[in-house]
Each structure stands twice: as structure tokens, then as C-alpha cells.
Amino acid sequence: MSSAFWFPSLPVSEVVDAFTGWGYSVSPEQVARPTSDFVLGVYSACVEQLTGITLETLQEPIEQALATTDNPDIYSQALAHNLLLYHIQRFASAAKILDFSAKDIYFPDPDRTRSIFSAFINFIKFSEQSEAFINRLRNQSTSVIKERQAVVEETAELEQRMAEFKVKRAEDEPKCEALRQENAALVEQVIAYKDRQMGFLQEVESLKQEKAALVAEKEKVTSEMATVSENINRTRSRIVQSPERIKRNISTMGHTAAEDKRTVAANEAKTRDLQTKIAALLNIEKDVRSCVEQLQVIEKEMRAVDAAQKELGDLKDTLDRKKGERAELMMRRERVHKQFSNAQEKLERAQRHAEDKRLASQQTIERLQREYEEMSVERRDNDRQVEELRAEADEIERKMAEHLKTSQAELNELLAEYWKLRHETEVYMETLANKLGMQVRST
């Protein structure tokens, strides 16, 4: 075996004991003179021993693959053998038999087969010793497969969500446009409200200053009235020296007090007006604050819409890339399918040709058998005339020898044609396996 690895070639007895220990009954004669069916069964048992893969477990993927073909009955057996050969080659590659091919199954060589058995036994025993590590790797592989399936499902969900986003975006586009226009109008209105608020604030400030001046003046008038009242009371307690003058002063002071009262009433009216204006300004300020909050909410929603649009663009790019990859894979699949169909047609022609050859050979053999039987009957009937008919018997034996020689030549031609056909079949199977990505390499 052309390999960088070397395995000790086990004796036949150890090979038999190893397979018997795993529950697969073999005999030393089968190992010494292996046949195609025997080595196929042993290799399949080795694969099943380590991986659990059998023809039954491969039946479901075979049926899935054949569901896309027009004539599944034609390809079922060939596809099953090719899949089994693919898994055996993977097993052989893991066992460091890098040049394993279909020839090791259909044309087994005793020494090479025993070497392959030794490598497989060595690999299985090593796997049994490293069972904990292999189980951990299998669990990790299972988790990775589950994660990959989850990613595929998540991708499908994202694609569905992206389609929903597209539909929703198309439906919400008129609303978004109306909201943009309304937002622009609200921004202009808020700016106008801010300008009006600045004017109102300046007016409120001037009114506050005027109110403060009026309050100070009111306090001054009140203090003056208190002073006057106090003077009047003091004056009343005194003796009147000039009643007319006092009357005039009292009249004058009464007029002054009335004017002061009117001034105070006017100031109170102005104060009430100012309070009303201040209340209106406070209401306007609340409205402006609510408008600002609404603008902030609208800005947040616009940012969310921008983020969703960006995410939608990324998902769209991903979807386009996946569609391109899918189209390329479909083209490759179609090319492989066409090549497989052509190879299948060639195989069918070769099988028909071999069947014709086999029928012709069978007819020739049957004809010779009938002639031989007829000669035997004549020979039994003419035993009493052996001496007289010896010459005739010699002539018949000469004809038989010629017939046997002709038959042997025809059999040799049939065998040469048969080996040629088997070689072409092996080449076709390896070509088909390579087209299916099974990496078959013939020796």
C-alpha cells in the first residue's frame, strides 16, 4: 500500500478472532481467498461497528435523492453501492488507507485485503480505547449541526421578517411621508411658539417691573394715608382756631384720598390683568413643553426607522448573496446530473452488449452440451460395435476436440471482453463517485 503509515499485517487467525469478537463470523478460508461479497460484508460491518451506518440507514437519503430523478429504479442500486463505497472510503481514509478504491471491493487481492483488514482492526481497537474522546467529539459535532440548523432556521425567519418589513414599509411609506410633513409643520410652529414665548417673556418682565413700581407707590400712598389719618385725629383733638380753613383742608384731603382710592383700584385692576396674562403665559409654556416632548419622541422614532432601514438593507444584501450562491449551486447540480445521465446511458449500452455476449456464449455451450449428450447416447448404443466403429469414434473425438478448442477460444474472448467491461464499469463508478463529490481514487 502506497501510504505514509505502516500497519503490521496480522495473521489470519488474529483477523478471524478479531471479527469473531465483534460478532461477525468469518473463516480462515474466506480471509485467505476473499471474494467480492465477503469483503463488502466485512467492510460494511467495520463501518457499522464504528459509525453505525448501514444500507438501512442510507435508505432515507437515497430515496430523497431519487425523488428528483425520472427513473429511480434505474439508479437505486448504483446509488446505494456508491454511497456505501463513499462511507467505506471515508473509513479507510481515517484508518490511513489513502489509496482505497472500488477495486479493493470488486477485485480483492488476498495480501492487500489482509493488510486492509489489519488496518481496520487496528483503527477500531484504537477507537474503542479512545471511546470517551470520540463520544465528546460526536457530541460537539451534534451540537454544531444543531447550531447550524438553528442558524438556517434563523436565516429563514430573518428573510421572512425582511419580507414583512418590506411590505410594512411599503404600507407605511405614505404615513411616513405625512408624518414628515406634519413634523416639518410642527417644527415651524414650535419655532414660531418660541419666538412668541420670547415676546411674552419680555412683556411679562416689563409688567413685573411695572407691578413692582405700582406696589411701591401703593405702599407709599398707604403710608401717607396713615400719616394723614393720624394728623386728622390729632387735629380733631385740638381746638379749632379756623374752622373754614380746616374745612377746606378736610375737603382737599378728602379729594386726595378719593383720588388715591381710585389709583389703588386702577392698580388692583392692572394687577388682576397681569395675573391673567401670567396664567395664559404659563399655559402657553406648558403647551410648548409638550410640543418639545412630542418632537423628541418623533426624533426617537425617526432614528428607530433609520436603524430598521439600515438593518433591512443589510438583510437584503445577505439575501442577494445567498440567491447568487443558490443559483450557482443549481447550475453545478444540473451539469452533474447531465454527466450522470450520459454515464448511465454508456453503462446501459455496455450492460446490453455484455448480456448479448453472455447469451451467445450460453447458446454455444448449450449446443455443445447437446452434441456431447447425443454423442454419448450414440456411444452407449454402439458399445457392441466399438471395434468396428473405432475409426468413426476417433473422428468424433477429433471433432469434439476441435469444438472444445473453438469453445475455449470463444470463452477466452468472452473473458477478455468481460474484464474490459468490468474495467470500464469501475472507471464509470469512480467517475460517477467523483462527480458526486465522493473522492474515489483508483489504484
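Here's a quick tour of the nonpolar core and the aromatic rings in this structure. Keep in mind that you're looking at a predicted model. Its largest nonpolar core has 45 residues, and the whole structure holds nine aromatic pairs.

**The core**
- The residues with the most contacts inside this largest core are Phe19, Tyr43, Ile88, Phe91, Phe100, Phe117 and Phe120.
- Plenty of helices chip in: H1 (12-21), H3 (36-51), H4 (59-66), H5 (72-94), H7 (110-129), H9 (243-381) and H10 (390-435) each give the core at least two residues.
- Helix H5 supplies the largest share, with nine residues.
- Take Phe120 as one example: leaving aside residues up to four places away in sequence, Phe120 touches Tyr43, Cys46, Phe91, Ala92, Ala95 and Ile97.

**Rings that pair up**
- Phe19 and Phe117 make an edge-to-face pair, 5.4 Å centre to centre with 80 degrees between the planes.
- That pair links distant parts of the chain, since Phe19 sits in helix H1 and Phe117 in helix H7, 98 residues apart.
- Phe117 also pairs with Phe38: the ring centres are 6.1 Å apart and the planes are at 85 degrees, so this pair is edge-to-face.
- Phe38 lies in helix H3 and Phe117 in helix H7, so their pair ties together parts that are 79 residues apart in sequence.
- Ring pairs join Phe19, Phe38, Tyr43, Phe91, Phe100, Phe117, Phe120 and Phe123 into a cluster.

**Buried or exposed?**
- Phe19 and Phe117 are both buried.
- For Phe117, the relative accessible area is 0%.
- Phe38 has a relative accessible area of 9%, so it counts as buried, the cut-off being under 20%.

Methods
Residues are numbered from 1 along each chain as its sequence is written. This is a predicted model: local features need pLDDT of at least 70, side-chain atom pairs count only at pLDDT 80 or more; totals for chains, interfaces and linings use all residues. Side-chain values use heavy atoms; hydrogens and water are left out. A nonpolar core is a set of buried Ala, Val, Leu, Ile, Met, Phe, Trp, Tyr and Cys residues joined through side-chain atoms within 4.5 Å. Buried means under 20% relative accessible area, exposed over 50%, partly exposed in between (1.4 Å probe, protein chains only). Helices (H or I, at least four residues) and strands (E, at least two) are DSSP runs, numbered from the N terminus. Contact means heavy atoms within 4.5 Å. Rings of Phe, Tyr and Trp (its six-membered ring) pair if their centres lie within 6.5 Å; planes under 30 degrees apart count as stacked, over 60 as edge-to-face and the rest as tilted.
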